[in-house]
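Biologist: Could you take me through one spot in this model, up close? I'd like to hear about a single residue and the helix packing around it.

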Amino acid sequence: MDTHLTACVKTIKGPGRPKQFDREHALDKALVLFWRHGYEATSMSDLVAATGAKAPTLYSEFGNKEGLFRAAAEHYIALFAERSKALLADETRPLSDVLWDYLRDAAAMFTDEALPSGCFLICTSAALSTASNDVALMLRARHHRQEDMLLAFFRQRQATGELAGEIDAAGLAKNLVCALHGMSVQAREGAGRDDLHAIAATWMAVWPALALPRRIPKLEAGMMGKKSKA
């Protein structure tokens, strides 16, 4: 399914009057700019040029560049994450079918030619320095939202009996998030949709093994030291 940013309708109050500020349009433009160049490499002058709004208007609406970035991140979630959430919420379809569509939908979004490649949240967080710690914490919290959403999905399927109750649902959620992060990085580096579909297919091929209850052995403290002395 192709993904496109929502169309913006510019509203004119009346003949001779200035155009009303279009918040949706500004967020669309700011989102793409931050997505393509990152938070730190994008200046307010870049945002003014991209959105077509005057600097005082942007400051009045969003406070500062960080405020605009936070609003752009929420805009991204509203546009794309809600669709993924809807896929996971469909309890009428088999778990494996939902997971396959979830991965393919991510691949479609990461490689949509109308958008910068990869995932906005992953791409922008990877380019941050320690000087942008508050922004990094915000992005980390949104990453956790995705993991929490997947955890809720797996636990719901455990509640219906489709997934064994003794399976580590949190571990499955983390594993899937790691796969999505890898797909985003691959897309950012030029991988096409077919390449990402191949990654998704590999993940689905090992899914039956991931869905089996398993015991992960834990190394005991000092074990390696004792063996080396023996």
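Modeller: Let's start with D46, which sits in helix α2. Bear in mind that this is a predicted model. D46 has 34% relative accessibility, so it counts as partly exposed, falling between the under 20% of buried and the over 50% of exposed. If you skip the neighbours within four places in sequence, D46 touches L33 and A41. You can also gauge D46 against F34: they're 12 residues apart in sequence, and their C-alpha atoms are 9.9 Å apart in space.

Now zoom out a little to the helix pair. Helix α1 covers residues 23–37 and helix α2 covers residues 44–51; their axes are 9 Å apart and make an angle of about 130°. That angle is neither over 145 nor in the 65 to 115 range, so α1 and α2 are oblique to each other. Their crossing is right-handed. On the α1 side, the contact uses H25, A26, K29, A30, L33 and F34, and these meet D46, L47, A50 and T51 of α2. Sorted by class, that contact holds six nonpolar residues, plus two polar and two charged ones.

For another helix pair, look at α5 (residues 95–110) and α9 (residues 193–210), whose axes come within 9 Å and cross at roughly 160°. This pair is therefore roughly antiparallel. The crossing of α5 and α9 is right-handed. Among the residues in contact are L99, W100 and L103 of α5, along with L196, W203 and W207 of α9. By class, the contact of α5 with α9 comes out at 13 nonpolar, two polar and two charged residues.

Key
Residues numbered from 1 in each chain as written. Predicted model: local features only at pLDDT ≥ 70, side-chain atom pairs only at ≥ 80, totals over all residues. Heavy atoms only, no water. Axes fitted to C-alpha atoms, helices over the stretch in contact; angles between N-to-C directions. Helix = DSSP H or I, 4+ residues; strand = E, 2+ residues; numbered from the N terminus. Parallel < 35°, antiparallel > 145°, perpendicular 65-115°, else oblique. Left-handed = near helix turned anticlockwise from the far one by under 90°. Contact = heavy atoms within 4.5 Å. Nonpolar A, V, L, I, M, F, W, Y, C, P; charged D, E, K, R; others polar. Buried < 20%, exposed > 50% of the residue type's maximum accessible area, 1.4 Å probe, protein only.
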